[in-house]
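Reader: I've just opened this one and don't know my way around yet. Could you walk me through it?

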Amino acid sequence: MNEPSAARTHQDAEELLEDYVLGTLSDTDRAWMESHLQTCKICQEELAPLIGVMQALPFAAPEPDIQMNDAVWGRIEQNISRPDTVAEDSSFIPLKTGPSPLEEAHQPSLTRRMRIPWSAVAALMLLSLIGGILLAQVLPSFGEEDIQGQQIAIRFTDPDITATGELRYLPDEQVFVLSIDNMPAAPAGYVYQAWLIKGDSPVPAGVMNVNQGEVASTGDRSQFDAFAITVEPGPFGNEAPTSDPILVAPLHDANTT
Amino acid sequence: MTEPSDSVLMQRIASHNTDALRALYDRYGRVAFALAYRVLGEASAAEEIVQDAFETVWNKAEGFDPGKGGNVRGWLLTIVHRRAIDCRRREYDRTPGILPLDTMENMLSVPDVWKDVSAHLLTEHVRSAMYRLPEDQRRAIELAYFEGLSHGEIAAREETPLGTVKSRLRLGLRKLSDMLDTPEQS
């Protein structure tokens, strides 16, 4: 099932419940289910015994014919004993101290050594929009909300990136869907990661599938100030951003429907 | 001497107690590796998933709230499973995804029904229950859970109508739930 823009019902959720607990839903469907489960008592009750099964299923994996390497614990111990690199002031997200992976690969012009609060990103975006100087790809955005959700203007922070695309918000499902055409491949070992930003606090919002040029993120638009994409270590991304955004989209501006 | 519970270990991990993480690793590292290896079929990739999962536990332990029905084992193995499936999907050029930890609340808010059962006994119990499922239902669950296939993909793989696959999965999971809830009848 992959119809993010169609109005969905409880019956749809019942159809998806097994796939949800088995982890086989697409990002979009999974995000919608998460949203539905927050309010649907019936689905919550149906889900409970299935989660019990899910807690047990890992133990159904057969004994491997190979042992885990003893060095795994050594690597874990080494990594967790590293000095904490998070900035003392938690209201600031530390930006990298050297070129980002994307800069190293494609865009040396972006190199800078500084830290900025994420709220400033949203504020600057909003000011740019008001001033009419935004180089954004403002999408056509009229009269399509019922079918395709709300369209939100996006902007690549580097003019060298020639990809085009759109960000849509599906208010019923509370899902953001970013679709980009011709997105350059992330540097080896890195991924494009989405963030939803409230004030100074970015929340991880999924990793982009570059082949499809898409990422779906769940969240209530009214609760966030901006959407952004950064380049992060793959394959899973980070819990907090470590590089400057390459794409930003303010969520509260006049250019959205 | 009684072993500390998972929740106690998590509290110690939150205080940056490396020995506590090692104890959790000794307790669940093997099943975590078996799970990742079953999904990926490749030892080094499975080891990376296990390593990443335990480092995530270390980094997120401070936010762990045993008072909210916190389920350490479920949390850890869900991380391992989802990330292994993500890795497998990328390998086959399918839709990747990431499971943000804060979206796991639905999974974590249900208490660990197996918390008093050792990993060894639970392994025997679950494998026994799986064997008692009709073969087509067991296979559907294995394809979905261990290989991350959607209903449609299972239907194509098995050359079976989509509705049949859905029924097999639904029936299999419900039967498994019933059998696992009544271990004394097994």
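Reader: Let's start with A:Arg168: is it buried or exposed, and what is its relative accessible area?

Author: Keep in mind that this is a predicted model. Buried means under 20% relative accessible area. A:Arg168 falls on the buried side of that cut-off, with a value of 12%.

Reader: Which residue does the side chain of A:Arg168 meet in a salt bridge?

Author: Look for a carboxylate partner with an N to O distance of 2.7 Å. That partner is partly exposed, with a relative accessible area of 24%. The residue is A:Glu166.

Reader: And which residue forms a salt bridge with A:Arg8?

Author: The closest N and O atoms of this pair are 2.6 Å apart. The pair links distant parts of the chain, 21 residues apart: A:Arg8 sits in the segment before helix H1 (10–22) of chain A, and its partner is in helix H2 (residues 27–37) of chain A. Both residues are buried. The partner is A:Asp29.

Reader: How many salt bridges does the rule find across the interface of chain A and chain B?

Author: Over all chains, the structure holds 15 salt bridges. One that crosses between chains runs from B:Glu47 in helix H3 (residues 43–60) of chain B to A:Arg75 in helix H4 (residues 71–80) of chain A, at 3.9 Å from N to O. Another joins B:Arg170 and A:Glu18, at 3.2 Å. Across the interface, the count is 6.

Reader: Take B:Glu47 and A:Arg75, then: which one is buried?

Author: Here the cut-off for buried is under 20% relative accessible area. A:Arg75 has 31%, so it counts as partly exposed. With 9%, the buried one is B:Glu47.

Reader: Which residues are linked with B:Arg170 in a network of salt bridges?

Author: Start from the salt bridge of B:Arg170 with A:Glu18. The network also takes in one more residue of chain A and one more of chain B. So, as side chains of opposite charge can pair when their charged atoms come close, links like these can form. Together with B:Arg170, the network holds A:Glu18, A:Glu46 and B:Arg174.

Reader: What is the area buried between chain A and chain B?

Author: On the contact side, 55 residues of chain A meet 71 residues of chain B. Carbon and sulfur atoms give 63% of the buried area. The area itself is about 5,900 Å².

Reader: Which residues touch the most other members of the largest nonpolar core?

Author: This core has 83 residues, and its largest share, 14 residues, comes from helix H2 (residues 18–40) of chain B. One of the residues you're after has A:Val53, B:Ala129 and B:Met130 among its contacts. The two are A:Leu57 and B:Leu176.

Reader: How many residues are in the other core?

Author: This one lies apart from the largest core. Its members include A:Ile152, A:Ile161, A:Phe224 and A:Ala249. The count is 26 residues.

Reader: Which strands stand at the edges of the open sheet in chain A?

Author: The sheet has 5 strands in the order S2-S9-S8-S5-S6, with antiparallel pairing. Inside it, 8 bridges join S5 to S8, and A:Ala194 has A:Ile229 as its bridge partner. An edge strand has a single partner, so one side of it is left without a neighbour in the sheet; that fits S2 and S6.

Reader: Last one: why do the buried residues of H8(B) line one face of the helix?

Author: Those residues are B:His151, B:Ile154 and B:Ala155. Just after the helix, B:Glu159 takes a positive phi of about 50 degrees. Seen down the axis of H8(B), the buried residues line one face because they fall within an arc of 100 degrees.

Technical notes. Residues numbered from 1 in each chain as written. Chains lettered and ligands numbered in written order. Predicted model: local features only at pLDDT ≥ 70, side-chain atom pairs only at ≥ 80, totals over all residues. Heavy atoms only, no water. Buried < 20%, exposed > 50% of the residue type's maximum accessible area, 1.4 Å probe, protein only. Helix = DSSP H or I, 4+ residues; strand = E, 2+ residues; numbered from the N terminus. Arc of directions from axis to C-beta. Pairing = 2+ DSSP bridges. Salt bridge = Lys/Arg side-chain N within 4 Å of Asp/Glu carboxyl O. Core = buried A, V, L, I, M, F, W, Y, C linked by side-chain atoms within 4.5 Å. Contact = heavy atoms within 4.5 Å. Buried area = accessible area lost by both parts, 1.4 Å probe. Lists of a residue's contacts leave out its neighbours within four places in sequence.
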